[in-house]
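Here are some short exercises to work through with the model open beside you. Try each task before reading its solution.

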Amino acid sequence: MTQRDHTHDPALHSWVESANAAGTDFPIQNLPFAAFSCHGATPHIGVGIGDAIIDVAAAAPLLQGLAAQAAQACAEPVLNPLMALGGEARRALRAALSHLLDARRTRQTLPLFPQRDVRLHTPVQIRGFTDFFASIDHASNAGRLFRPEQPLLPNYRYVPVAYNGRANSILCGADIERPRGQLRPPGQEAPAYEACQRLDYEVELGAYIGQPSARWQPVPVEQAWEHIFGFSLLNDWSARDMQSWEYQPLGPFLAKSFATSVAPWIVTPEALAPFRIPARVRSADEPAPLPHLHGAADQALGALDITMELQLRSEAMARQDIAPVTLSRGNTEDLYWTYAQMVAHHTSNGSTLDAGDLLGSGTVSGSLASSWGSLLELTHGGKEPIRLPNGETRSFLADGDEVILRGYCERPGCARIGFGECTARILPAREVRT
């Protein structure tokens, strides 16, 4: 388990002045990864510091040993080659960059670029995508709408429920076209092939797998974090009208497979060490996790204290120069299952996780309505529309809406770190070709 060290010292400052500004997402204590390019050149890997990004491979001559080897792997357009070197290389690179950026050192001639001048890309060649259902509050809220007679299924407290999505549905920095699919309009018995009318977002946290697992060798809970390369904001778009028609008996399909957005920035487990907290406490009448899903260290520090904030700005609000409105503010501390339990369960039947796999948390929601991470919950299935600052209302997303997901960690005695943004705008459905 990653321990706190000198790189987490809240008094640590950088000679990159913007990294010392209050409220910055990328202080020297963070150093998240991203894939970037300048002036149309081939993408390669950078590290965020303040409002700048470091060309890591170009900084390799300033480093030594394993850190230099890790930096050289960052010459590639995606993070997979760095992932292949393992967690020790990632940790060595982060520590070395922290040393170079320390304000107590002489300013280095590092290849720094303003973030406003670069283009950010999908940071990982994604091998597989699994989306979990780790929030018991979201599972209960959604269950009341889809299955009022049995909102929470009996297996939920025993098994981290998930579905396998499509890796090629993962988008970074792209707008979202309203999908078409089979749905059953109200009052009709037969379905129709139409544009989705109940388009929704889902506030999630994604975890990228770095170290692969071996076939027929389940990953123990206490070793699961060694397989996680880092974390990113994730928005799993959902066509709720398509979902309600198709999800039984085999779960989500076209209602989910059209698009999932990820942020360009990946925050490492090392940066999150000060924000590890105990797993959610189960009440006396809830079952304890089965042995393969239980570990003392994971129960003690297996959860994360990350605030997840969702904002929306309609097309009319943008024309009127009205700032985005915050619809919810939740926290990953409310998740019922830890990421170590998700990794352990994923491999418990002998299947493998590959470097570049992406695991989504499922919608992050808490017990309070202000923390609910989807419009499905906030509007009670569309029955109670929310009102925007300009008087518009929303039951579900409209064309032109901009959805902005942010995440950050704040605790007394720790430097604040952030995850950047995961942002996309809703485009109209395409016309059907005949």
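Helices here are DSSP runs of H or I with at least four residues, strands are runs of E with at least two, and both are numbered from the N terminus. Keep in mind that this is a predicted model.

**Exercise 1. The whole chain**

Task: Find how many helices and strands the chain has, and decide how compact it is.

Solution: Start with the count, which gives 10 helices and 25 strands in the chain. Next, take the radius of gyration, which is 22 Å. The globule rule gives 22 Å for 434 residues, so the chain is as compact as a globular protein of that length. Then look at the extent: along the principal axes, the C-alpha atoms fill a box of roughly 70 × 55 × 45 Å.

**Exercise 2. Burial, surface and contacts**

Task: Work out what share of the residues is buried, and what the contacts say about sequence separation.

Solution: Buried means under 20% relative accessible area. By that cut-off, 57% of the 434 residues count as buried. Turning to the outside, the accessible surface comes to about 18600 Å², and carbon and sulfur atoms account for 50% of it. Finally, take the contacts between residues at least 6 apart in sequence: 73% of these join residues at least 24 apart.

**Exercise 3. One residue, His-6**

Task: Place His-6 in the chain and decide whether His-6 is buried or exposed.

Solution: First, locate His-6 in the segment before β1 (33-37). Then apply the cut-off, where exposed means over 50%. His-6 has 59% relative accessibility and therefore counts as exposed. As a last step, compare with Ile-136: the two are 130 residues apart in sequence, and their C-alpha atoms are 36 Å apart in space.

**Exercise 4. A sheet and its helix**

Task: Trace the open sheet of 7 strands, name its edges, and find a helix that lies across β13 and β14.

Solution: Read the order as β7-β6-β21-β13-β14-β16-β8, with mixed pairing. The edges are β7 (162-164) and β8 (170-171), each of which pairs on one side only. Now zoom in on β13 (residues 203-209) and β14 (residues 228-236), which pair in the antiparallel sense over 7 bridges. Within this pair, Glu-204 has Leu-234 in β14 as its bridge partner. The helix is α9 (residues 339-347), which lies across β6 (129-132), β7, β13, β14 and β21 (358-360). Helix α9 runs at about 120° to β21.

**Exercise 5. The annotated span**

Task: Find which residues UniProt lists for the annotated domain, and describe that span.

Solution: The unreviewed UniProt entry lists residues 131-426 as "domain: Fumarylacetoacetase-like C-terminal". This span is 16% helix and 28% strand, and its end C-alpha atoms lie 22 Å apart.

Key: Residues numbered from 1 in each chain as written. Predicted model: local features only at pLDDT ≥ 70, side-chain atom pairs only at ≥ 80, totals over all residues. Heavy atoms only, no water. Buried < 20%, exposed > 50% of the residue type's maximum accessible area, 1.4 Å probe, protein only. Pairing = 2+ DSSP bridges. Contact = heavy atoms within 4.5 Å. Axes fitted to C-alpha atoms, helices over the stretch in contact; angles between N-to-C directions. Rg over C-alpha atoms; globule rule 2.2 N^0.38 Å. Areas by Shrake-Rupley, 256 points an atom, 1.4 Å probe, with all protein chains shown as cover. UniProt positions renumbered as here; feature names shortened; annotations may be inferred.
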